[in-house]
Amino acid sequence: MSAKPRGHRRILVTSALPYSNGPIHLGHLFENIQTDIWVRFQRLVGNHCTYVCAEDAHGTATMLKAEEEGMTPEEWGESMRASHAADFAGFHIAHDNFYSTHSDENRHYSELIFGRLQEKGHIFTEEVEQLYDPEQGLFLADRHVRGGCPRCGAADQPGDNCDACGATYDATELSEPRSVLSGTAPILKASLHYFVDLAKSEEYLKSWTRSGTVQPEVANKLAEWLDEGLKPWDVSRDAPYFGFEIPGAQGKYFYVWMDAPIGYMASFKDYCTRSGLEFDEFWRPDSDCEVHHFIGKDIINFHALFWPAVLAGADFRTPTRVHTHGFITVGGARMSKSRGTFINASTYLEHLDPEYLRYYFATKLSPNTDDIDINFDDFVQRVNSDLVGKIVNIASRCAGFLHRHFDSMLAPTLHDRRLWQEVSGARERLGGLYDAGDVSRAVREITSLADMANRYIDDHAPWRLIKEPDRASDVQDICSMGINLFRAMALYLKPILPGFAERTEAFLDVAPMTWEDAAQPLVDHRIGRFRPLIRRIDRKAVDRVVEASKEQEPAPKESKAEQALIGIDDFAKVDLRVARIVEALPVKGADRLLKLTLDVGDHRREVFSGIKEAYDPESLVGRHAIVVANLAPRRMRFGTSEGMVLAAGPGGSEIFLVTPDDGAIPGMEVR
């Protein structure tokens with residue numbers, strides 16, 4: 001951490017970029033709220049702190065999702081960016097810029113960094129074999145392949161690690177792999193790829209990871225990879241792909257994990273253009289500014305190995321600190337749609353105040369990577385008992401007396417200077433906890449101060465003294481003291497509860513509070529009339545959030561034997577018709593597909609069929625085939641397939657069309 005005094009640090013802060021594949025949920029919110037609390041504290045003490053993020057817009061998944069929604073990838077990415085930005089704003093997360101990785105700035109820095117790495121010999125090319133979906137006509141990312149685990153044999157496992165035994169592996173090692181995009185068995189296909197030679201950065205990374213840039217437990221985990229020796233990192237993907245094409249390499253694109261972290265730089269560059277900040281002052285190797293990343297521990301390899309290696313290799317500065325947090329569980333288990341614990345930001349906001357969640361997350365924030373569990377009973381208890389019952393209660397206990405009997409004026413002197421010094425003096429210790437990310441401990445200490453304040457009020461019992469005419473001035477002194485104690489605690493909570501702090505400032509009739517305002521009490525000052533600053537949680541509202549988040553789990557998968565059995569009524573639903581092939585064309589970018597135009601009697605339709613290896617397209621024109629006429633249209637990357645022609649055989653060149661006998665005419669029903 002920087003040794004500069006508070007108020008003199010220039011800091012750039014980022015959270016991990018949310019991907020354009022779905023709405024913001026509790027996991028995203030935890031990280032961004034954690035980051036926002038740290039950022040707000042830095043600003044509160046006078047440091048210049050800029051917080052940027054961006055939509056992670058590139059990749060095959062974005063391309064396929066956009067196609068499914070009938071949009072371009074650019075349109076889909078922008079719609080998700082706007083949705084995510086709105087969700088974050090709903091939780092008072094104060095990004096200075098929420099940009100997109102699909103930007104001119106990101107293209108510029110991606111090409112610049114890649115070019116510098118090439119010039120220094122950090123990039124090489126190599127032919128690799130990857131799983132390829134011939135029906136979809138694209139190479140498959142790990143998440144688009146499932147099959148049997150090569151270690152324990154568990155079925156239906158993803159292409160990178162086994163949910164059953166935890167083993168990691170390459171997708172090519174799966175037994176009986178299948179594409180989740182088409183359901184077909186992928187094939188191995190060779191392609192030229194670009195790699196970053198991470199081995200050249202090992203010595204640098206061994207030093208960097210032990211220099212205080214990551215938590216000790218993270219450094220220990222990184223050391224396991226470093227001691228084994230880092231493998232080359234594949235930073236290219238083949239067309240079709242949504243992203244930036246690699247200069248001089250037609251049909252090759254930067255892998256999403258190459259340009260995603262560069263998106264931090266791109267978002268900041270866009271902000272610099274609009275704000276007047278100097279980009280190079282933060283990113284040159286000798287910069288005295290700070291760069292802080294907040295991430296989950298599932299992506300530490302990208303942020304604490306690949307990213308610093310790429311930055312250093314391209315003559316940019318590396319991060320000052322990578323703050324890593326643990327996984328989020330709910331009730332001790334992974335978030336679940338069927339149980340209603342996979343909660344989206346928008347669903348929560350329909351029922352509950354966002355500051356409840358900000359406060360509850362704050363009670364869980366530590367500087368280590370332990371997993372964080374959300375318990376709904378604990379959530380309600382902490383907000384109602386501690387925040388409302390202890391802290392806000394101080395103001396409500398005192399403000400009424402001041403309003404009714406003293407024209408809302410605070411006393412000209414402090415009633416208990418020793419107690420004030422103890423509460424005011426806590427700002428240095430609390431500031432250190434916030435800066436270190438130990439927010440849960442800070443909240444505990446603030447709650448302890450609230451206990452002291454409530455004991456002070458209980459001991460002096462202003463509700464009894466007000467009944468004694470000669471003790472009226474004591475009541476003003478006691479309640480004024482209580483208001484000052486409350487003000488200090490509201491200030492200490494301001495990074496966590498910005499909305500609550502703003503309402504407190506309005507109630508106290510003061511300017512926006514800064515950290516050092518806790519050094520001076522409010523005396524001889526008129527406050528406003530007290531109104532509830534935050535209300536208790538209604539447990540029924542929490543239950544409504546859970547209920548609204550529930551989704552039906554898919555039915556258990558049938559065995560192959562069960563799948564093979566259908567009733568005669570099911571079979572009778574299949575409408576088989578004779579069709580004449582009017583035109584047959586190869587599909588660009590697909591090894592096995594032909595696009596067939598079929599005459600089905602009263603109309604024509606287009607069908608994609610995986611028979612290219614077995615038939616010359618021209619030889620099919622004029623032939624008859626059997627088509628499933630009532631199969632729902634299927635949207636594919638190449639177009640929409642309006643049915644299926646029947647064929648049999650083991651595959652490849654041994655595929656045979658099912659054809660009717662002579663005399664059949666287009667549109668004839670097959671019985």
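Start with L29. Setting aside its neighbours within four places in sequence, L29 is in contact with I24, F88, F91, I93, A345, L357 and F361. In this predicted model, L29 is also one of the residues with the most contacts inside the largest nonpolar core, a list that includes W233, M258, M265, W283, F379 and Y492 too. That core has 161 residues. Helix α12, running over residues 376-406, gives the most to it, with 15 residues. In soluble globular proteins, nonpolar side chains tend to be buried together.

Now step back and take in the whole chain. The protein chain has 671 residues, and 53% of them count as buried. Its secondary structure comes to 22 helices and 25 strands. Along the principal axes, the C-alpha atoms fill a box of roughly 115 × 65 × 45 Å. If you look at contacts with a separation of 6 or more, 74% of them are between residues 24 or more positions apart.

Next, pick out a sheet. Strands of a sheet pair through backbone hydrogen bonds, either parallel or antiparallel. Here you'll find an open sheet of 3 strands, in the order β7-β6-β8, with antiparallel pairing. Its edge strands are β7 (157-158) and β8 (175-179), each of which pairs on one side only. Strand β6 covers residues 145-148, and 2 bridges join β6 to β7. Across that pair, G147 stands opposite Q157 in β7.

The loop between β6 and β7 is worth a stop as well, as D156 lies there. Most residues other than glycine have a negative phi, and most peptide bonds are trans. D156 goes the other way: its phi is positive, near 55°, and it is not a glycine. Is D156 buried or exposed? Neither, quite: its relative accessible area is 26%, so D156 counts as partly exposed.

S408 is another residue with a positive phi, about 60°, although it is not a glycine. You'll find S408 in the loop between α12 and α13 (417-424), so to speak just along from the helix that gives the most to the core. At 6% relative accessibility, S408 counts as buried, because the cut-off for that is under 20%. T413 sits in the loop between α12 and α13 too, but T413 is partly exposed, with a relative accessible area of 48%. Follow the chain from T413 to D477 and you cover 64 residues, yet their C-alpha atoms are separated by 7.5 Å.

There is a peptide bond to look at as well. A cis peptide bond joins A239 and P240, with omega about 0°. P240 lies in the loop between β11 (236-238) and β12 (252-254).

Finally, turn to a pair of helices. Two packed helices are described by the angle between their axes and the distance between the axes. For helix α6 (residues 216-228) and helix α9 (residues 300-313), the axes come within 11 Å and cross at roughly 65°. That angle makes α6 roughly perpendicular to α9. Which residues make the contact? On the α6 side they are V218, K221, L222, W225 and L226, and on the α9 side I300, N301, A304 and L305. As for handedness, α6 passes α9 in a right-handed crossing.

Conventions: Residues are numbered from 1 along each chain as its sequence is written. This is a predicted model: local features need pLDDT of at least 70, side-chain atom pairs count only at pLDDT 80 or more; totals for chains, interfaces and linings use all residues. Side-chain values use heavy atoms; hydrogens and water are left out. A nonpolar core is a set of buried Ala, Val, Leu, Ile, Met, Phe, Trp, Tyr and Cys residues joined through side-chain atoms within 4.5 Å. Buried means under 20% relative accessible area, exposed over 50%, partly exposed in between (1.4 Å probe, protein chains only). Helices (H or I, at least four residues) and strands (E, at least two) are DSSP runs, numbered from the N terminus. Contact means heavy atoms within 4.5 Å. Two strands pair if DSSP finds at least two bridges between them. Axes are lines fitted to C-alpha atoms, for helices over the stretch in contact, and angles run from 0 to 180 degrees between N-to-C directions. Angles under 35 degrees count as roughly parallel, over 145 as roughly antiparallel, 65 to 115 as roughly perpendicular and the rest as oblique. A crossing is left-handed if the near helix is turned anticlockwise from the far one by less than a right angle, and right-handed if clockwise.
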